[in-house]
Each structure stands twice: as C-alpha cells, then as structure tokens.
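Biologist: Could you take a close look at one part of this model for me, the charged and nonpolar side chains, and tell me how they sit within the chains?

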Amino acid sequence: MLQRLKYARIFISGCVLIIVILAFLGMPGFIPNRFFVNFLTFLQFIPSSLKFFSVLSFAAFGFIIVFILSLLFGRIYCSLICPLGIFQDVLSRIGKRFRKRKIFRYSKPHNYLRYGILLITVLSLFTGSIFLLNLLDPYSNFGKIWSGLFRPVVISGNDILAHITEKAGIYWLYPVGLKALFWQSLIFPFLFFITVLIMSVGKGRLFCNTICPVGSFLALVSKTSIFKIKISENNCTHCGKCSVVCKASCIDIKIKSVDFSRCVGCFNCIHSCPESAINYKISFLKISSNKNIEPAKELSFKNNSGNEIINKNDESLITEKIQVDRRNFLGRILFFAAGSGFIYNKISAARIIPGNKSGKYNIKRNYPVTPPGSYSIENFNKHCTACHLCVSICPTQVLQPSFLQYGITGFLQPYMDFTHSFCNYECTKCSEICPTNSIIKLTVEKKKAVQPGKVIFVKKNCVVYADETACGACSEHCPTKAVHMMHYKGTLTIPEINQSICVGCGACEYACPAKPFKAIFVDGNPMHLTAFSSKDKKVKASTIEDFPF
Amino acid sequence: MKRREFLTKSIGAGIAAGAGLAMVNFDNIGASEKLSYINSNLGEYDLTAVMGGEPAEMFDKAIAALGGMGRYVKKNQKVVVKPNIGWDASPERAANTNPFLVKRIIEHCIQAGAKEVVVFDYTCDNWQLCYSNSGIEKAVKDAGGKIAPGNSESYYHPVVVPKGKVLKEAKEHELILGADVFINVPILKNHEGATLTISMKNLMGIVWDRRFWHRNDLQQCIADFATYRKPTLNVVDAYRVMKQNGPKGKTVNDVTTMKYLIMSEDMVAADAAAAKLFGMDPKSVDHIRIAAEMGAGRMDLDKLKINRIKIS
C-alpha cells in the first residue's frame, strides 16, 4: 500500500509545479484561478510565516500546517509543496541523461553549513531586514527564476508564434510583448538558477540539505517526527536499492540507517524496496526518551559502534559551531545594519530636479513608488520576499523587479516602473495575489482612494510651454483628472495638477511625449496617503431638439 | 525586411483579390450595377445625419438611405472597422464607441458579402481590458467579425505622408494597409488636448508613434495624417457624448445621451457636423480648421448637401 506513495507524491507535486509555473509565467489567458495560486502560496513556509508574524493573525497559518505535517511525517513539504524542490527533482531527472553516474549514493550531512546558514538567516531577521531571507527563500527564488528568466523566453516564443499565425489570419494567439527587462535585476536569479541546476543535476537535493534555510529548519523539526522512514532490521537484505534512488543521499545502507533530518519525503526508497523493509514507522519512543541514551539503546541492538560515534560528534560539533558563528556573525549583522542605513539616507537625500544645459530639467524621484496596498515603503521592504508573483501577474507590466532602487534592504523587490507602463485604475490583482503581507488586499474602491505617489509637473519641459503646440497626453490618460488641462493661450491648454486627488498611477508620466526629459512624473510617497475623490457634477442633458446644421 | 515582407504579402493579396473578381458571376455584376444606379440617385448627399434612435437603428436608416452597405463593401472584400476602443471603460461611460453600433456595422458588411471584417484599435489602456470592458470584443464576435490586437510595433509599417507639413512619415497598421474597405467609427468626445476627438483624431489608433504627434504640434499632425489616409466611410457615434474630462472621462457624470449619428465619406465634414452637435464652432477646433485649409475635406456645412433623418 505505502509503496504507491511515490505515485501520489508525483501527482500532487506535478499539479503544484504546473500551477505555480503557470502563475509565474503570467501569460494572459493561462494564469490559473486565483484560488489555486493563493492556496499554494498560502502554504509556502517563508511568505506564510512572514505574513503571520506581521499581522499576528491565524488567517496566515499555512506555515503551521507545514510545521504540523513535518511533525507528523517529516519534510514532505520539500517534495510536495516547495516549488523549488519539485523543480530540482525535474532538473535532476532531466540531468540524469547527462550524468555519468546514474545513481545516487549516501553522503555525510553538511551540518555545520546547513545549520550555520539557518542560524545566520534567523539572526539577520533581528536587524529588521529580510534581505538574507529573501536571498535564500526557496519559494521566492523559484519565483524570481521563472518570472525573470523563463517568462521572457516563453513570452518571446509566444510572440514569434503569434506573428506567424496572424499572417495566416488566425488571431487566437497574440503577442504579449515584454515591456521592460532590466538585466541587473536578472543577475541574482541567474546565479541562483545556475547553482541550483548544478547541485540538483549532480547531487539531487544537495541544495535543500546544505543551503536552504527552510530545509534546515524543517530538518530540526523532523528530528522529532511521529512517523519516520526507517529500515526494518529483519527484512532488509542490504541490497541497497533504496540508497541509490535517494536524491537526498540520506540512506546509509551499510548501517541500515536513514538520516531522517535530510529525508525530503519523496518515497522513492519505499517504492524501490523489494522486501518492503523500508517504510514509515511510529517513533513515539524517540520523542519521550533522552537523546543521549536513545541512540545507545539502538546501538546495543545493532552492535555497531561506528554509528554512535558519528552521532555524538555531530551533536557536539553543532553546538560548538553555533557558538563560533554567533561571534562571527554579530559583526556581519552590524555591517548590514550600517549598510542599509547608509543607503536609505542616500535615497532621501536625492534631489528632484537638478538643472540641465538644454534649459530643460532632469527629473529624479525622491522615492520609488510601491504598489497600492503596500501602505509604506518601509512596510513593503519589511515584508516582501521578492517572489515576483505580482510582477508576473500584473496585466500592464508596470510592476518590475528593482535592483537597488530601495537600497540593499529592498533588493529585487518590485516597484512601479512608469517609463514603460502605468497602473490600471480598476485593477487590484497584485494585492489579491501577494503571498506575504507586503501588498495588502484592496477592493477597487479602496484602491482608488490610495495615493502611493503623487504627480509633479515640470512646466519648462512641457511641450505646450516650450513649443506652444497642443498636447494633453498626460491629462488624457489621467483617470482622476488630477492632471487636467487649463486654458493657456488661444486655443491651447496646459496641464494643471491637483495632487490631492492623484492616485499615483503614472499614466501621465508614461504618456508624456516630452524629450529628453518628461514634463510630468510621479514621486513615491514613503507613507502612502489618501487620494481624495473629486466628484464632478452631472453634465447638463442635451437640449438640442433639431440638427444644428 | 518587414516592409519587403509586407509588399510581397500585399501583392499576393492583390492577385488573390483580382482572381476573386474575375470569378464573380455575371448575375452578381448585374445586381451591383443596378445597386450603383440606385446609389447615384441617393448618394448625392455629402453627409447623412440621423437623430432620435438607438445606435443600431440609426445606422440602419443611414445606410439604407445610401442604398445599403453594398455601396461600399463588395463581395469577398477585406473590411477593417476601426472604432475607438482606447480606454478601459464600460459602454455607459462613452469613452469607447458604442458596441451595438459596431456590431450592426459588421453585420451589414458581412451581409454585403465581405470576406472578413476585422476590428482593432491601438488602445491607451491595457488592450485586453479595453477590448473586453468596452463590450466591443463580444459585439465583434457575436456579429461574426474578428478582433485583432494593435499594441505591438511589429504590426506597423512605414508610410509616407506626402502632403504632411509636420508629419511626413508614420507607421501604419498592416490591417489598414491590406484592407479593401476601411470604416472609421469614432465616438464624439471632449478632448482636453485636441479640443474634440472625432473621425480624424480616431486615426491616431492606426499609427504607432503617437508621442511624435503630441511632441510636434498635435493639431497639425492630426490634419496632416487626414490628408493621407481617407477612410472609405466615417460613422460618428454621438449616441452618448462625453462632454467633459475627455477623452477618458471619470464617471457617467461626464456623459449625456444625445442620440445622434453622422455618416460621411468626408472626415472633415463629419467632424465639422459633430463639432456643431457638441455645441462648438468647427473653426474653433484647430485640427478641423487646418485639415479643411489643407484640402483634406470640407467644413463649410451650409454648402454641403446633408440628408437629415429623424426617428420619432
């Protein structure tokens, strides 16, 4: 019965991977129902726990489910729910063709490394920055890879195909068009992908058991799991079939032991065993018994002294290492704090409009604009894991990954890029999809009352002022008429702004044709403000009774 | 490369069209001759104006008065209908052409034997949202037409505007370049930059670099382009009219229901009449005045022959 668990795992993980990939590819028409996407991101450990601790609400208890699942069955999260984990399985499977050695083999755990990274990551959170967490979170990095690297490839492929089919008069495919692609923001996802690719093709789940902080945390949890995969002493024939299919390299067949802290719950071993000797077993004893005594007990049964030495060494070395790490990394954390403070200062000191030779003014934002629903830049930077799900989903592609626009603390977090697009007035998709608490869900009505940034008009750059010809592109695109045209000269009209009703959508900035510098732009509000609504009176009903010509 | 591709493509289309014509049987030709005879009687008007009906109903009357759509659309021809679908707004807000009108025009084209009727616009807001929320995508599909995207530069091919003063070249959508019949279906609206947006301004939705127009004397560029591209027919939707905050508008408060429709082969005449409906002197709308001066059409409404149809 349990031998079929592998198929259940493949089925579930396949569905998860497909849904999450489709969401991150963001191809209009192929984005899965929000319900599925939200459910899967709800279960993602880091986003869910960040949301939980920021709103202190049990509405974000996804990570508790994962925690309980791990307490019961070990790290099945890594094989069933974590998209990066499943993705590595796929890479590893494909990579098998190019690998000399087609099988896996037991290797010793890299405990210093994995628990060290976990410790540093946890400690780094006390600086108030989730920078390090963002660099290592498996879900968010999966997102960055698919949104940043694969999405452009798929969209370009679609567009080429669309042009071919359209020549034949078929219009069911259409070019989506990439609005912007900043190579700087792709460096990190690319390096991360290469690392994961090499590690997974060569050594299965090595990444999950050395670098991933979620993996390491769940490893600690799974040490106390109620059900554990164990080799039954009596039935095992030492054939080693389980060990060679173990992508976590955690089955040491020589001593018939499974390092359950590294087991990712793929159930390949259970499936492979001809004697049904390896399986889930209840481990109540382990939970209640003393850790130091327990392995010794087993040992006396096994009559194998080598095992005990390894275990003991591990335990003592970890505690030693932790002490050393603590000292080492306190210094680093201070460095981080100082660095982030420095960069924050630099942003605030930026000038809006330095002069320019051409008589026109260069424009520079004081603050980048965060999406509506993020409430403040600080809130956004604190909670966004930069998974780029909103970037993929955004129908106008106004949301783009930043590079260092927010400083190091907001590394790669999305911002509103008005040079290539603008935020749709009626759209709240990013707030509906965000798995952390960085973009809080908004209704359309509420969104229309939020001001993430406000419009600034630079008259000297304006076509109407400089050339005395009609334009009005900014006002044309403005959904609230925070930019409207006032009588200027003759039949000419010139923009006039009303910041109090501006929703900071950036449509004016996007539409402005002025060169070399835009005449109108949106500067971010570090704290989002209220956009007041201005209600125009109903126009007079038409009074023409007959043709006026 | 693209231009060459396009040229070969359009030559191919031309040959196909020629072959199609050659194969038309004689009965049909007789019929169309008859039709054109009737048309020449009815069609001496420069402009047709209808008031007091529903959008589709008013178009029915107007096109019937001209002897039916067969006057413009011949068998197996490719028709492009270009409404204004610029904004993500519901039909009630009158930011986009009335979907019922678009639907009826397509139905008439198909009835007249059009090979295909394609609808597109280079929208300002996100195009998928514009197409669906304007109700036009559904209207087109219901009527049996095709809706095509216009928001990718690859569709646009360079053209020369010989009489243009400022706008000497532009990039125009390949559907327009490959069409036999081009029906321009603007909606009459207030426009804070261009004063009004009607037929001529609606053609900004068939060219790529609109920022150039805005940067280099918008009103002149609109008139320049009108000297080059002349739609087969212009149908101005003035059923609901946006009187303020145009061209996007904020709410239904910007809109008043007027129930007019204007139809003309002359864009300038159509726009001049529509300006009058709006309550403005056509001369005070710069692009109408300039276009008339440049000879793109006529704005002297009192000298035009106007067919006035009232539905009560």
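Modeller: Here is a walk through the two chains, then the salt bridges, then the surface patches.

First, the ground rules: this is a predicted model, where local features need pLDDT of at least 70 and side-chain atom pairs count only at pLDDT 80 or more, while totals for chains, interfaces and linings use all residues. Residues are numbered from 1 along each chain as its sequence is written, chains are lettered from A and ligands numbered from 1 in the order in which they are written, and side-chain values use heavy atoms, with hydrogens and water left out.

Chain A has 24 helices and 10 strands, and chain B has 12 helices and 12 strands. (Both kinds are DSSP runs numbered from the N terminus: H or I with at least four residues for helices, E with at least two for strands.) Of the 549 residues in chain A, 54% are buried; for the 312 residues of chain B the figure is 60%. Buried here means under 20% relative accessible area, exposed means over 50%, and partly exposed is in between, with a 1.4 Å probe and protein chains only.

As for contacts (heavy atoms within 4.5 Å), take those in chain A between residues at least 6 apart in sequence: 72% of them join residues at least 24 apart. In chain B, residues 24 or more positions apart account for 75% of the contacts with a separation of 6 or more. The accessible surface, from the Shrake-Rupley method with a 1.4 Å probe and, for residues, only the protein chains shown as cover, comes to about 25600 Å² for chain A, with 65% belonging to carbon and sulfur atoms. Chain B exposes about 11900 Å², and carbon and sulfur atoms supply 53% of that.

Now the salt bridges, meaning a side-chain nitrogen of Lys or Arg within 4 Å of a carboxyl oxygen of Asp or Glu. A search of the whole structure turns up 27 of them over all chains. One pairs A:Glu509 with A:Arg365, the closest N and O atoms being 2.8 Å apart. A:Glu509 belongs to helix H24 (residues 507–511) of chain A and A:Arg365 to the loop between helix H17 (305–349) and helix H18 (377–383), so this pair ties together parts that are 144 residues apart in sequence. The two ends differ in cover: A:Glu509 is buried, at 2% relative accessible area, whereas A:Arg365 is partly exposed, at 28%.

Another bridge joins the side chains of B:Lys310 and A:Asp546 (3.2 Å, N to O). That one crosses between chains, from strand E12 (residues 306–310) of chain B to the segment after strand E10 (520–530) of chain A. A:Asp546 is partly exposed, with a relative accessible area of 38%.

Within chain B, B:Lys82 and B:Asp121 form a salt bridge with their closest N and O atoms 3.0 Å apart. B:Lys82 is in strand E2 (residues 78–83) and B:Asp121 is in the loop between strand E3 (116–119) and helix H5 (127–133), so to speak distant parts of the chain, 39 residues apart. Both B:Lys82 and B:Asp121 are buried. Back in chain A, salt bridges that share partners join A:Arg9, A:Asp89, A:Arg205 and A:Lys247 into one network.On to the patches, which are built from residues with over 30% relative accessible area and no salt bridge, like charges being joined within 9 Å and nonpolar side chains (Val, Leu, Ile, Met, Phe, Trp, Tyr) within 5 Å. A:Arg93, A:Lys96, A:Arg97 and A:Lys102 gather in a surface patch of positive charge. (Lys and Arg count as positive and Asp and Glu as negative, with His and the chain ends not counted; a charge is placed at NZ of Lys, CZ of Arg, CG of Asp or CD of Glu.) Among these, A:Arg93 is found in helix H6 (residues 83–95) of chain A and counts as exposed, at 63% relative accessibility. A:Ile94 lies in helix H6 of chain A too, and is partly exposed at 46%.

The nonpolar counterpart is formed by A:Trp183, A:Ile187, A:Phe190 and A:Leu191, with about 440 Å² of accessible area together. One of them, A:Ile187, lies in helix H10 (residues 184–203) of chain A and is partly exposed, at 35%.
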